[in-house]
Amino acid sequence: MSFKKNTLTVTPSAFSFSLLIIIFMTAAASVVSASAVSGPAGPPEADTVEIVIASPTSPVVSDFKYDDGNSLILTWVPSIDDLPVGGKVLGYHVYRSDNGGEAKKIAELIPGSNYFKDDDLYGDTTYVYHVVARSANSRAASINTEAIQPRREWVNLNLKYLFLIALIIAASVIYFIETAKRGKKLFVRKIAGLEAVDEAIGRATEMGRSILFIPGINDMDDVQTLAAITILGRVSRVVADYDTKIRMPVARSLVMTAARETIKASYMAAGRPDAYNDDMVNYITDEQFGYVAAVDGIMVREKPATIFLLGGFFAESLILAETGNSVGAIQIAGTARPAQLPFFIAACDFTLIGEELFAASAYLSGEPKQLGSLKGQDIGKGIAMLAILLGVLLSTIAAVGDTETITEILKFITKVFTVTN
Amino acid sequence: MEHFSLWLAAFLTLGIISFLYKDNAWYKLTEAIFVGLSAGYWFVALFWDNFYGKFWIGKDEHLYLYVGAFLGLLMLLRLIPKIGWISRWPLSFIVGATSGLWLINYFSSNIMKQVQATIMPLFSTQYGAGFNAEPATIIGNLVIVFGTFTGLVYFFFSKEHKGAFGYTAKMGIWVIMITFGASFGYTVMSRMSLFIGRIDFLLGEWLGMIL
Amino acid sequence: MSTKAKEILTLALIVVFCLVFYIRKVSGGEGIIFSPLVSWLVIAAMIISLLWVLVLTIKGRLISRRVVFVYVGIALALPLFMPFSQKIPISPEVQALYDSVKTLKPGSKVLISFDYDPPSAPELQPMAESFIRLCFERDLKVIIMGLWPQGPQQANMALEKVLSDDKMKAKNLKYGEDYVNLGFQTGNEFVIQRMGTSFESMFPTDYRGTSYDSLPLVRNVKNFSNIEYSFNLSAGFPGSVEWVQIAVDRYGVQLGLGNTAVQAPQMYTYLNAGQVTGILGGMNGGAEFESLCHYKGKATKYMLSQSFSHMIVIAFIIIGNVAYFLSGRKSALKKK
């Protein structure tokens, strides 16, 4: 909201002239506003009839629940002349008065409207509304609503079950993280493709060719990229031990810096800091297909023996996987994007499907936080599986029979998983 | 000028397509032009849309933009090795803020609503209606429920895939693979569509061979 | 002749071919359309050659991948010269989207988000054109925005095409009153979130630099509650998933989707859960929508090429599997 201040200095000699101007302009403005309400001004006709319409009725204003105290809901019964076909009502105007001041138009709505949500209000201001139906040349206003102040709710109780389930899962995650920190071994099932990592690096070493690591094209805020960088830590540690060449073209500058740190740390942990070189990781471009063109070129020219495609990919996934396949490299891929998984499965030797990428990251790093998170997620999956099994069973029985108890349980389960804002 | 731009676009298109035959100088030239051009484009776009459009124009009205700018400057400290560790703070902020936002979005839309949508009577269209669903609807319902449940079992990492659990997980991976096959087919269509677009340009706009 | 010489000769022939046709085009030459007889002969030749490839495969003489590329290229290009058209059955999800737009009253505001760039234009641009056309035909007001930088530019191209139609010219549609392009805003899903409170905070000016307040169409549009329908054209991130998660699930927006065929399968879960009103998936979805709108656009024109290419892919899947199983049998026999 902005305010403008105007000052006007009036001299006696200009007063009468100004008065004439003002009278003339007021008369003109009233003609203009009359024509705006009634439609474009045309030649006056002796037989123009005012179209009389009924006013909208029962305007009710109420607080919009579970917001920041800046919204109100206005409902009304539309004018009886507002018909789907041949109706005389052309629309509605909503007027609002703040703290008893002059009512101002705040919205123009189409015919058939009976609801309006007013946002951007203030909790310490009292508001009164009325609704005006308009025809081609007339208006009909409703009565005023009661005065109301919007209220702020601190908690959105519609989301209480979402909060509860999130709390259960979060508590499980924390519990398992603490359990892992205390040294207890957390079981994670075998993941096909992980055993192939060491084998693939060994192959590159024997062939004297490089390893190409592609962490996807997402930035560091994507959890897939984080998982890829974690696996990179493990891979680069083995690479440092075997003294194999590793090459990592990236599409984001943040990923480049994170990857360089990771590989450097691995080389230092392997006792080979001298062998590390910043050129192992280089930034290409942010542009998706520009990156693909460059990486394809690297694959064809350098012919790496092993290619890791781990992270977030989009349309470039098949191009990269197919080119890698054509140069005879062993390819280990993993992404959580369902749209790209079919390509990796078709063109790569091993694929980590969806959450297996995150599980692999936890499995290889052995980090308590990652392992604990994985176990906590399993609790969440368990809740979902149970809800689906129970829900489907109960709803199938309830649909066929008429059992009140089963219906009540079913309603509760459905209510828990229904999210409304 | 129009002639030049058409021939240039056709030259670059065919240069990229020539990769299908083998790697060659024409492809390398086109690739280099594309990589350089795209890097430059993104630099300019990010400068005008992000730095100028968001920060410079809005900084007087929205003082919190200075906080974002400051965090952005901290990122650049990575270039100074001695104090490069400070750049981890804005990185943590980005990761944390995005995680927090995505937690609610994904939890609500991709978990809660999907579980709600999966809870359905298998043989009826409404409660109390008896076995009134069509056979096709029943099969559809069974596929959805079976596929969702077995898929979840496959991704359960806390139990070894043995016995009945293992069989259920195996069915889950079959369902997943069938889904991937359908998705692959859809994607083949997408790739063909893009190639058709290019062929329309080459044979239509450039050579005028098609109407 | 050496391989190098063959390559140079092929390149020279291609250059001559292109020059000849370009000069022909510049001199006023029209497009080429095969007669039905020639078209059928071409189809027969393709089928026979594929059968020959199958025979060669059975005999153990595998063809090079470049031959497959040539077949795909021919399958995509030749139907563009054929006088045939394809029947396009309508999918329930496309019909549902069309029906949801039809329920909107004249004067309703429709928000269209252009979240794609030129590489995805062959799939999404026809959808954009037919959707905008439908909106104007039904006297709906169109508000355009984009979460991708090139999105609003694609929108302008679609608008230009639609408004050049005589039927649209007769409607005398005015920028700022009947349609508006708010432009691109960086911030991905955060933009959608902020739009839930205030459109103006994200788009203080439109694409041309005109202030939001001075545009009659949007000056009273505070946020999503003032919008009757939203349509999202998406090729990736940010896109449909974010619109569903934030605009639909948080703000209750009625949303229809137009996706590339890569993204479409992922969106069916949201359709099944009732979070979106309908989906146009890929070029096929675009062609179906054009059919419902009684308009023959590029999607309809390209469908024959699409179908031919799919048949070629199916043929090579069969040939590839024959090769795979035969090689498996051979190695089993060798082991014995």
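1. Domains of chain C. In this predicted model, the domain assignment divides chain C into two parts: domain 1 is made of residues 33–84 together with 301–335, and domain 2 covers residues 92–296. Domain 1 of chain C is therefore written as two stretches of the sequence, with domain 2 numbered between them. Taken over C-alpha atoms, the centres of domain 1 and domain 2 of chain C are separated by 39 Å.

2. Domains of chain A. For chain A, the assignment gives domain 1 as residues 57–141 and domain 2 as residues 186–366. The C-alpha centres of domain 1 and domain 2 of chain A lie 58 Å apart.3. The three-stranded sheet of chain A. An open sheet of 3 strands in chain A follows the order β1-β2-β5, with antiparallel pairing. The edge strands are β1 (57–63) and β5 (115–118) of chain A, and each of them pairs on one side only. On average, and with direction ignored, neighbouring strands of this sheet are turned by 15° against each other. Strand β2 (residues 72–77) of chain A is joined to β5(A) by 4 bridges in the antiparallel sense. Within this pair, A:L74 has A:F116 of β5(A) as its bridge partner.

4. A hairpin in chain A. Strands β3 (residues 91–98) and β4 (residues 104–109) of chain A run antiparallel and are joined by 5 bridges. Which residue of β4(A) stands opposite A:V94? That residue is A:A107. The two strands form a hairpin with 5 residues between them. In the turn, A:N99 has a positive phi of about 55°.

5. The six-stranded sheet of chain A. Chain A also contains an open sheet of 6 strands, in the order β10-β9-β8-β11-β12-β13, with parallel pairing. Why do β10 (281–283) and β13 (350–353) of chain A each have one side without a neighbour in the sheet? These strands stand at the edges and each has a single partner strand, so one side of each is left free of a neighbour in the sheet. Neighbouring strands here are turned by 15° against each other on average, direction ignored.

6. A strand pair and a helix on this sheet. Strand β11 (residues 306–312) of chain A runs parallel to strand β12 (residues 330–335) of chain A, and 5 bridges join them. A:L309 has A:A333 in β12(A) as its bridge partner. Helix α7 (residues 316–326) of chain A lies across β8 (211–216), β11 and β12 of chain A. The angle at which α7 of chain A runs to β12(A) is about 165°.

7. Helix packing in chain B. Two packed helices are described by the angle between their axes and the distance between the axes. Helix α1 (residues 2–17) of chain B packs with α6(B) at an angle of about 145°, and their axes are 11 Å apart. The crossing of α1(B) and α6(B) is left-handed. On the side of α1(B), the contact is made by B:L6, B:A10 and B:T13, and on the side of α6(B) by B:R198, B:L202, B:E205 and B:W206. The residues of this contact divide into 4 nonpolar, 1 polar and 2 charged.

8. The contact between chains B and C. In chain B, 34 residues are in contact with 44 residues of chain C. The elements that give two or more residues to the side of chain B touching chain C are α2 (25–58), α4 (88–118) and α6 (163–206) of chain B. Which element gives the most to this side? It is α6(B), with 16 residues. The residues of the side of chain B that touches chain C divide into 20 nonpolar, 11 polar and 3 charged.

Key. Residues numbered from 1 in each chain as written. Chains lettered and ligands numbered in written order. Predicted model: local features only at pLDDT ≥ 70, side-chain atom pairs only at ≥ 80, totals over all residues. Contact = placed C-beta atoms within 7 Å. Nonpolar A, V, L, I, M, F, W, Y, C, P; charged D, E, K, R; others polar. Pairing = 2+ DSSP bridges. Domains from an automatic or database assignment. Axes fitted to C-alpha atoms, helices over the stretch in contact; angles between N-to-C directions. Left-handed = near helix turned anticlockwise from the far one by under 90°.
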